[in-house]
Amino acid sequence: MKPLFPFAARQQQNHGVTAVIRRDNGVGLVHLLFESGEEQPILAHCRYQSENQPRIQQRLLTEWVQQWGLRNSRCVALLDRESYLLFPTDAPPLPQEEWGLNLRWKLADRIHYPPEQAVVEIFERPGSAHLGESGKIYLAVAHDAQVQREVDFLLQAGLSLAGLDILDLAAGRLTDALPEDGQGVGLLFWTDHGGVVQVRRNRTLFLARTIETKRQQIWQQPTTDPSTIPPLVDFPAALDELVTELRRTFDYYENHFLHPPLEQLFLMPVVDGDWNGAVPSSQRHDEQSLLATLSERLEMPVARLPLERLLRNTSLFTESDLIGCLPAIGAALDWGAGGTGGQRVNFYQPRFYPQRRLLPLSALLWSGLILWLGLLGSHWGLHAYLATKRSAWAQQAVATQAVTTADEEAASRRAEQGCVRAWEQLSLGAVQSETVPAAPLLELLASNHMAGIWITALDVSHGEAQVKLEGHLLPQQAPRLPHYLQTLARHPVMAGRTVQGVQLETKAAALPQAAPSTPHDQQAVLTFRVTFGREARP
């Protein structure tokens with residue numbers, strides 16, 4: 001989905017912060033982009049919707065997060081002022097790791113739930129320069145169930161929660177970036193139960209007081225005819241009460257902290273009495289009248305909070321969205337800029353971090369059963385596969401053995417036939433016999449052949465005592481020649497003759513043409529000569 005604005009396409013390369021505020025009857029979301037070298041961040045997204053049903057609030061926030069691509073975006077959320085308690089107190093005169101019991105005692109009379117269910121945050125507050133005070137702190141306290149509901153609400157929307165701030169600090173930070181902050185400024189805003197005035201200086205909260213005067217007592221309800229709106233002086237009691245409380249607050253600041261008068265008072269724009277949108281345009285005259293009256297009676301500049309001096313692109317959003325999200329904008333400004341020293345509250349403590357939930361016992365049993373069945377199936381599948389492979393290997397081995405046996409038998413037959421042909425083709429001159437019959441010897445040689453050994457000449461012309469043979473053999477058959485000759489000597493045809501001499505010529509000779517065809521036809525062969533004879537008798 002394309003971003004709503006062109007600058008949103010640079011979101012991946014900028015440091016963006018998302019802030020969410022949820023009230024009993026409304027929910028708002030803003031997203032700021034912080035660019036290096038730019039003082040004012042970009043307001044990329046801003047939306048506030050009046051809604052009092054938590055289920056619909058959840059759906060709206062989830063839709064915004066998905067629509068604007070903010071899933072897993074770094075997020076800070078706010079607790080509304082009715083969801084926590086903020087009050088100043090003295091720091092216990094103990095090491096900070098021992099403050100627990102002491103602070104729990106301080107809380108006992110201020111909260112309506114057991115102290116062990118309280119989530120406590122502490123930040124420093126300035127002491128009196130005149131009295132030399134030190135060790136002053138603010139305590140912010142919330143019920144752990146309320147914190148858990150807010151955490152679940154944000155995590156279910158797909159946001160990456162980084163902090164859970166409070167409205168008092170977030171709203172006050174809207175003035176921190178203004179140049180008037182260095183000399184001290186006041187901030188006035190309203191909640192459902194009355195007004196709140198803050199005094200800040202150099203990004204530090206000095207005072208925060210609640211004023212019972214409600215917005216409805218100051219701003220008139222809208223009418224169809226602006227000319228019929230009564231003038232502001234028709235409400236003198238409420239206005240007098242407001243001015244008195246503001247003067248008392250500012251005087252206390254000047255006298256207690258010994259600081260000069262405030263530079264300016266800023267009035268935060270508000271939504272109407274039941275948070276159903278921005279102050280209608282028909283009431284704009286009343287706001288201007290209120291600013292002018294407060295400025296005159298307080299004798300100090302009073303102005304509407306200049307949001308356009310804090311952010312870029314504010315003109316792209318409706319006034320109702322901007323006003324509803326003002327505290328969220330303050331929180332995003334602070335968290336995106338790195339905070340304001342030690343004055344920070346974060347109720348999102350480690351005990352609220354999402355935990356990996358263990359599966360119930362039934363789910364574990366079913367998972368174990370499924371795993372066991374899977375392993376069993378894998379075992380039988382592997383067993384069947386191996387059996388098939390063994391059968392194939394056995395068949396292949398039998399076929400190979402059959403081919404080998406057939407080849408050996410064929411080679412043997414060829415050798416026998418070749419030996420017979422060799423003797424048939426020998427010239428008559430190769431067999432010399434005068435006194436000893438040669439036929440039995442030829443039959444002996446033909447029937448006792450050995451692969452790789454060929455007889456090329458037979459000589460029995462030296463009488464009955466000697467028989468001479470001449471032949472060739474392959475070099476690799478030389479070790480088997482003695483066995484072959486002993487086999488011939490033991491045959492009855494030799495009539496007791498033994499091997500009396502063997503000559504082996506290492507000079508290679510060509511294979512005779514009468515030899516049978518073998519794979520070694522092209523190899524060189526060795527020549528041997530052997531004599532069989534009887535031992536002379538005494």
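Q: Is N313 buried, partly exposed or exposed, given its relative accessible area?
A: In this predicted model, N313 sits in the loop between β13 (302-304) and α8 (319-324). Buried means under 20% relative accessible area and exposed means over 50%. N313 has a relative accessible area of 27%, so N313 is partly exposed.

Q: What is the phi of N313, which is not a glycine?
A: N313 belongs to the loop between β13 and α8. The sign of its phi is positive, although N313 is not a glycine. The value is about 75 degrees.

Q: Which loop residue between β10 and β11 lies in that stretch with a relative accessibility of 40%?
A: The loop in question runs between β10 (194-201) and β11 (204-211). A residue there has a positive phi of about 65 degrees although it is not a glycine. At 40% relative accessibility it counts as partly exposed, because the value falls between 20% and 50%. The residue is R203.

Q: What is the volume of the second largest pocket?
A: The lining of this pocket consists of 21 residues. Those closest to its centre are E39, P41, A177, R203 and L333. The volume of the pocket is about 390 Å³.

Q: Which element gives the largest share of the lining of the second largest pocket?
A: The elements that give two or more residues to this lining are β2 (26-34) and α9 (326-337). The largest share is four residues. That share comes from α9.

Q: How many charged residues are in the lining of the second largest pocket?
A: The lining can be sorted by class into nonpolar, polar and charged residues. Nine are nonpolar and four are polar. The charged residues number eight.

Q: How many disulfides does the structure hold?
A: A disulfide is a covalent bond between the sulfur atoms of two cysteines. For a pair to count here, the sulfur atoms must be within 2.5 Å. The sulfur of C325 is the nearest cysteine sulfur to that of C46, at 4.0 Å, and C46 is in no disulfide. The number of disulfides in the structure is zero.

Q: Is C46 buried or exposed?
A: The cut-off for a buried residue is under 20% relative accessible area. C46 has a relative accessibility of 4%, so C46 counts as buried.

Q: How far apart are the C-alpha atoms of L161 and C75?
A: L161 is part of strand β8 (residues 160-166), and C75 is 86 residues away along the chain. L161 touches C75, as well as A77, V151, L154, L155 and Y348, when residues up to four places away in sequence are not counted. Both residues are buried, because L161 has 10% relative accessibility and C75 has 1%. Their C-alpha atoms are separated by 4.8 Å.

Q: How far apart in space are A162 and A77, C-alpha to C-alpha?
A: A162 is found in strand β8 and, at 26% relative accessibility, counts as partly exposed. Leaving aside neighbours within four places in sequence, A162 is in contact with R74, C75, W335, N346 and Y348. A162 and A77 are 85 residues apart in sequence. In space, the separation is 8.4 Å.

Q: Is T175 buried or exposed?
A: T175 lies in the loop between α4 (167-172) and β9 (185-191). Beyond four places in sequence, T175 touches D181, V185, L187, R200, F266 and L305. Its relative accessibility is 1%, so T175 counts as buried.

Q: Which residues touch the most other members of the largest nonpolar core?
A: This core has 71 residues, and α9 gives the largest share, seven residues. A second, separate core has 26 residues, including A238, L262, V270 and L294. In the largest core, the residues that touch the most other members are V30, L61 and F347.

Q: What percentage of the 538 residues in the protein chain is buried?
A: The secondary structure of the chain comes to twelve helices and 18 strands. Among contacts with a separation of 6 or more, 71% are between residues 24 or more positions apart. Buried residues make up 44% of the chain.

Note on methods:
Residues numbered from 1 in each chain as written. Predicted model: local features only at pLDDT ≥ 70, side-chain atom pairs only at ≥ 80, totals over all residues. Heavy atoms only, no water. 1 Å grid on protein atoms, 1.4 Å probe; cavity = no way out; pocket = protein on both sides within 12 Å on 5 of 7 lines; lining within 4 Å. Points joined across faces, edges and corners; volume = space filled by probe spheres on them. Nonpolar A, V, L, I, M, F, W, Y, C, P; charged D, E, K, R; others polar. Buried < 20%, exposed > 50% of the residue type's maximum accessible area, 1.4 Å probe, protein only. Contact = heavy atoms within 4.5 Å. Core = buried A, V, L, I, M, F, W, Y, C linked by side-chain atoms within 4.5 Å.
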